[in-house]
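Subject: Structure handover

Hi,

Here is the structure for you to look at. My notes on cysteines and cavities follow below.

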Amino acid sequence: MTTMTWTPVEGTPGEIRSRFPRPLDALARGEVPALVLRGAFPADHCRALMDRFRERGLAYDPGRGGEGKVPRVDIGTSFGRYRSDPGKFFEHSRQTRELFSTLFDGYEDPVRTMYQALAELAPEKRVMTAREPDGREYGPAIFRIYHAEVGHGPHFDSVAKRTKAVEYAVSRFDRQFAGVLCFQNSEGGDDTGEPFLYNCPWTPELQPVMAARRFPEHVAANGIERAQVNLEPGDLYFFFSENIHEVPHVVGDRPRAVLAIFFATSDDEEEIFVWA
């Protein structure tokens, strides 16, 4: 049996940088699947903010009148959902920034937590919410709440290579990553809603395999390593979103909730652009 050695690296940003001086480069090169920061955000603040989301009607409890409601709830602006209409996208992004300006009052700001952690991992860059040359800003982050039977099959994320939304400024960067802060776990076993990352960046040659939904066979035939990232509320991780990854369907009545970001960088760019 082959021993799989492709495992996430855990620690504080300083501890991670002592092992990998440029952690984002290590992700992009496939040296590690993920950078995991345990307890980056207070778990009790996660629980309290989830209660606030439900009290304000931003989220719902499927056990209390959730019948007929959408299986995934977004709190924030999804670039993928609104990008086809720039006017709607940037207006929705403005509303998200306005909502987030007070939504976390009385608690630590989880969006700031994610941006600060990223800045500590890449101190040579300036971390900022993505914006167009004319100043229009994107949404800074998004809460995704996954109910039963919701997940993501094998895929990759890249505005430049997958979405090809060249009309947006974020498409100019060379590499795209993602960050996820766990807010609430589902009730199922270890793999319900917990992501799998594959040591397999997307390439044009891989696209026919993906289109035919034969990626599992491709993994088995080529001995591609994968890693699962198990999180507790308050844990945060970053990964290279151009690697194929998937999220198994949520099981049970308790939704899985995360705060997520995308971010992109290039060697010749001073900024890291962050959006949702």
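Which helix and which strand each supply at least two residues of the lining of the second largest cavity? They are helix H7 (159-163) and strand S7 (175-184). Helices (H or I, at least four residues) and strands (E, at least two) are DSSP runs, numbered from the N terminus.

This is a predicted model, where local features need pLDDT of at least 70, side-chain atom pairs count only at pLDDT 80 or more, and totals for chains, interfaces and linings use all residues. Residues are numbered from 1 along each chain as its sequence is written, and side-chain values use heavy atoms, without hydrogens and water.

**Cavities**

A cavity is a set of points on a 1 Å grid over the protein atoms alone where a 1.4 Å probe fits but cannot get out; lining residues have an atom within 4 Å of a point. Volume is the space filled by probe spheres set on the points, which are joined across faces, edges and corners. There are two cavities of 30 Å³ or more.

The largest holds about 90 Å³. Helix H2 (residues 23-28) gives the most to its lining, three residues. Among the lining residues are Arg22, Leu121 and Asp267.

The second largest holds about 40 Å³. H7 gives the most to its lining, with three residues. Phe173 and Glu242 are among the lining residues.

**Cysteines**

The structure has zero disulfides (cysteine sulfur pairs within 2.5 Å). Why do Cys46 and Cys182 not bond? Their sulfurs are 7.0 Å apart, too far for a bond. Cys46 is buried (under 20% relative accessible area, 1.4 Å probe, protein chains only), at 0%. Cys182 is buried too, also at 0%.

Best wishes

Conventions. Buried < 20%, exposed > 50% of the residue type's maximum accessible area, 1.4 Å probe, protein only. 1 Å grid on protein atoms, 1.4 Å probe; cavity = no way out; pocket = protein on both sides within 12 Å on 5 of 7 lines; lining within 4 Å.
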